[in-house]
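Q: Please take one small part of this model and look at it closely. Start from a single loop and work outwards, explaining each term as it comes up.

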Amino acid sequence: MAPPIRVSLLEGDITRVQVDAIVNAANTSLLGGGGVDGAIHRAAGPELLAECRSLGGCPTGEARITAGYGLSAKHVIHTVGPIWGGGDRGEPELLARCYRNSLALATKHELQNIAFPAISCGIYGYPIEEACRIAVHETLAYLDKNQLPASVIFVCFGRDIYDAYQAALAASR
């Protein structure tokens, strides 16, 4: 019997996904911004900003957890991806740490399911195919050793990102 599928893809809006936690591709201040970060803050409401202010920021590669407030998700896991600078400034390891640290927070808080955006692929300029390979590799490696989260959804804002995740998942099998 094949093991249950724990990773899936969805093209859509991460703020509408019904999971225990969505991951926010945040900036180091955690106080909102553009792209996914801005959309999550707008959908969650002002209480999210208030809680984020109390956290004192987050370094690149690390993660913090808050309540979800006005979102369908119960929690938001904020992680700060690296700004792409050509790949020789530790960007691959920093991006990998975003996934590992976010998944570890989900496990620590006994969350069943979590949804990720394509971290660093927007204004931070990370090459999409490489970022998706790292995301898939780190997620599968983590899930191989941990029972929680039970499932992970990569929520793709656009067909190009969906196709890149699909290719990365196919290459991992």
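A: Pro 149 lies in the loop between α4 and β6. Here helices (H or I, at least four residues) and strands (E, at least two) are DSSP runs, numbered from the N terminus. The model is a predicted one, in which local features need pLDDT of at least 70 and side-chain atom pairs count only at pLDDT 80 or more, while totals for chains, interfaces and linings use all residues. Residues are numbered from 1 along each chain as its sequence is written, and side-chain values use heavy atoms, with hydrogens and water left out.

The peptide bond that leads from Leu 148 into Pro 149 is cis, with omega near 0°. One residue in contact with Pro 149 is Leu 103, which belongs to helix α3. Contact means heavy atoms within 4.5 Å. Once neighbours within four places in sequence are set aside, the other residues that Leu 103 touches are Ile 114, Phe 116, Glu 138, Thr 139, Tyr 142 and Val 152. Leu 103 has a relative accessible area of 0%, so it counts as buried; the cut-offs are under 20% for buried, over 50% for exposed and partly exposed in between, with a 1.4 Å probe and protein chains only. Thr 66 is 37 residues away from Leu 103 in sequence, and their C-alpha atoms are 14 Å apart in space.

Two of the residues that Leu 103 touches, Ile 114 and Val 152, also stand opposite each other, with Val 152 in β6. The strands β5 and β6 run parallel and are joined by four bridges; two strands pair if DSSP finds at least two bridges between them. With α4, they make a right-handed β-α-β unit. Right-handed means that, with the strands pointing away from the viewer, the path from the first strand over the helix to the second runs clockwise. β5 also pairs with β2 in parallel, through two bridges, and Ala 115 in β5 is the bridge partner of Ile 22.

Two loops beside β5 hold residues with a positive phi. In the loop between α3 and β5 sits Glu 110, whose phi is near 55° although it is not a glycine. Glu 110 is exposed, at 61% relative accessibility. Ser 120, in the loop between β5 and α4, has a positive phi of about 75° and is likewise not a glycine. Unlike Glu 110, which is exposed, Ser 120 is buried, with a relative accessible area of 5%.

Next comes the packing around these elements. The largest nonpolar core has 38 residues; a nonpolar core is a set of buried Ala, Val, Leu, Ile, Met, Phe, Trp, Tyr and Cys residues joined through side-chain atoms within 4.5 Å. Those with the most contacts inside the largest core are Ile 77, Tyr 99, Ile 114, Phe 116, Phe 154 and Tyr 165. Among the elements that give two or more residues to this core are α3 (91-108), β5 (113-116), α4 (128-145), β6 (151-156) and α5 (159-172). Its largest share, eight residues, comes from α4. A second, separate core has 18 residues, including Ile 153 and Val 155.

Ile 77 is in contact with Ile 114 as well, and its other contacts beyond four places in sequence include Ile 22, Ser 102, Leu 105, Ala 106 and Leu 111.

The helix α5 has 14 residues and spans 20 Å from its first C-alpha to its last, close to the 20 Å expected at 1.5 Å a residue; the expected span is 1.5 Å times one less than the number of residues. Its buried residues are Ile 161, Tyr 162, Ala 164, Tyr 165, Ala 168 and Leu 169. They are on the same side of α5 because they cover an arc of only 165° around the axis, where the arc is that of the directions from the helix axis to the C-beta atoms. An α-helix has 3.6 residues a turn, so residues three or four places apart point the same way. The buried residues of α5 pack against β1, α3, α4 and β6. On the other side of α5, Ala 170 and Ala 171 are exposed.
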